[in-house]
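Open the model in your viewer and keep the selection panel at hand. The stops below go element by element.

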Amino acid sequence: MDIPAIAPFAKRLAEIDALMQATDFYSDQRRAAELGREHQKLTELVGLHEKLTQTAAAIKEHEALLADPATDADLRTLAEEELVTLRPELPKLHEQVMVAMCPPDPADARNTIVEIRAGTGGDEASLFASEMARLYTRYAETRGWKVEPLDSSPSEAGGFKDVTFLVTGDDVYRTLKWESGVHRVQRVPATEANGRIHTSTVTVAVLPEAEEVDIQISPDELEITVARASGPGGQGVNTTDSAVQIIHKPTGLIVKCADERSQLKNKAKALKVLRARLLERKQDEEAAKYSAQRKAQIGTGDRSERIRTYNFPQSRLTDHRIGFTSHNLPNIMEGQIEELLVALGEAEKVEKLKKLAEKSEAAN
């Protein structure tokens with residue numbers, strides 16, 4: 001088993017060590033935080049690589065002892081016992097090192113904006129959109145994440161035509177990014193007298209929160225209008241022109257927010273969503289240049305791709321990208337999706353390792 005070269009990573013770690021010694025290192029808090037995270041990951045990688053190297057050397061040494069006829073019986077027994085432990089450890093360490101060497105998605109550590117929209121299926125779609133919002137909110141609670149509503153459009157059936165919220169916490173985007181796509185639900189609606197199964201869909205978009213340095217928006221590119229918020233909410237909502245709609249004139253993107261009673265707060269939230277959408281568009285344009293090389297095993301994450309089916313009569317969830325199936329749909333709808341997300345993460349890891357191996361072979 002070949003041990004991958006650590007030199008480029010060790011060199012980068014030394015460079016960051018030098019940068020962190022500079023007196024003005026913390027003058028740029030955002031850059032300092034990014035370098036701090038990179039330093040931590042590189043330190044872990046170098047430590048894992050050292051352990052891998054030591055384990056491989058120990059195995060070689062013990063095998064040499066066993067191959068030497070002059071080795072006494074006690075030492076031979078000790079070497080055999082050590083090899084029982086060391087040999088299974090080697091491939092595990094090798095995989096850990098390879099995974100750590102895979103370049104991370106820069107957005108993985110970011111907070112995330114989740115947009116859920118009712119698709120085909122009328123009232124059933126809007127009801128399922130509401131249930132999906134509840135699912136993600138429940139899951140966020142189990143992770144200790146914070147969910148902040150941004151905007152929503154209720155339907156007459158009691159669901160949502162669309163709902164948008166911000167999720168903040170550790171590794172939110174890394175965990176939820178593969179939820180983007182079309183989610184299909186199959187069940188018998190409460191209003192269906194003949195018990196026929198109805199199929200409807202919702203689309204989910206998972207967007208990494210953009211910062212001002214990522215997306216520069218000029219004020220003259222925006223058309224901002226305010227209106228009186230509609231729907232329940234008390235006197236403040238009914239009498240205040242607090243709802244904000246922003247049109248980004250260069251792209252035609254429209255964002256609205258009426259969740260807060262404050263016009264300023266709604267404007268800030270709408271701009272947050274707009275930046276995330278513009279960042280997504282920018283990333284999509286870059287990805288399109290390399291689409292043939294970047295199509296992953298678990299799908300593109302495109303919102304036009306049907307990624308999952310929720311079959312209520314059979315209590316079955318199926319993720320079509322990785323062939324994952326669960327017959328525990330009631331618990332899943334309560335936010336218990338950790339097993340599914342772990343499976344998606346493993347599929348992503350396999351794909352990254354495959355690409356890293358191909359890159360290594362091409363270099364050799």
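Start with the hairpin formed by β2 and β3. Five residues lie between the two strands. Pick G158 in the turn: its phi is positive, about 100 degrees. Keep in mind that this is a predicted model.

Now select β2, residues 146-154, together with β3. The two strands run antiparallel and are joined by eight bridges. For one register check, show S152, which stands opposite V163 in β3.

Add β1, residues 112-118, to the selection. β1 also runs antiparallel to β3 (residues 160-168), and six bridges join them. Which residue of β3 is the bridge partner of E115? Label T164 and you have it.

Next, select helix α4, residues 123-143. Set a distance between its end C-alpha atoms: they are 31 Å apart. At 1.5 Å a residue, the 21 residues of α4 should span 30 Å, so the model agrees with expectation.

Stay on α4 and colour its buried residues. Among them are F128, M132, L135, Y136 and Y139. Smaller side chains to include in the selection are A125, S126, A129, A133 and A140, and E124 is also buried. Then step just past the helix to G144, where phi is positive at about 75 degrees.

Move to α2, residues 29-67, and pick Q54. Is Q54 buried or exposed? Its relative accessible area is 49%, so Q54 counts as partly exposed, the cut-off for exposed being over 50%. Draw a line from the C-alpha atom of Q54 to that of L90: the separation is 9.8 Å, for residues 36 apart along the chain.

Now go to the open sheet of three strands, ordered β6-β7-β8 with antiparallel pairing. β6 (222-227) and β8 (253-257) stand at the edges. Each has a single partner strand, so one side of each is left without a neighbour in the sheet. Neighbouring strands here are turned by 15 degrees against each other on average, direction ignored.

Zoom in on β6 and β7, residues 243-248. Six bridges join this antiparallel pair. Show I224 and find I246 opposite in β7.

Finish with two cysteines. C257 has a relative accessible area of 2%, so C257 is buried. C102 stands at 9% and therefore counts as buried too. How many disulfides are there to draw? The count is zero, taking sulfur atoms within 2.5 Å as the criterion.

Note on methods. Residues numbered from 1 in each chain as written. Predicted model: local features only at pLDDT ≥ 70, side-chain atom pairs only at ≥ 80, totals over all residues. Heavy atoms only, no water. Helix = DSSP H or I, 4+ residues; strand = E, 2+ residues; numbered from the N terminus. Expected span 1.5 Å × (residues − 1). Buried < 20%, exposed > 50% of the residue type's maximum accessible area, 1.4 Å probe, protein only. Pairing = 2+ DSSP bridges. Axes fitted to C-alpha atoms, helices over the stretch in contact; angles between N-to-C directions.
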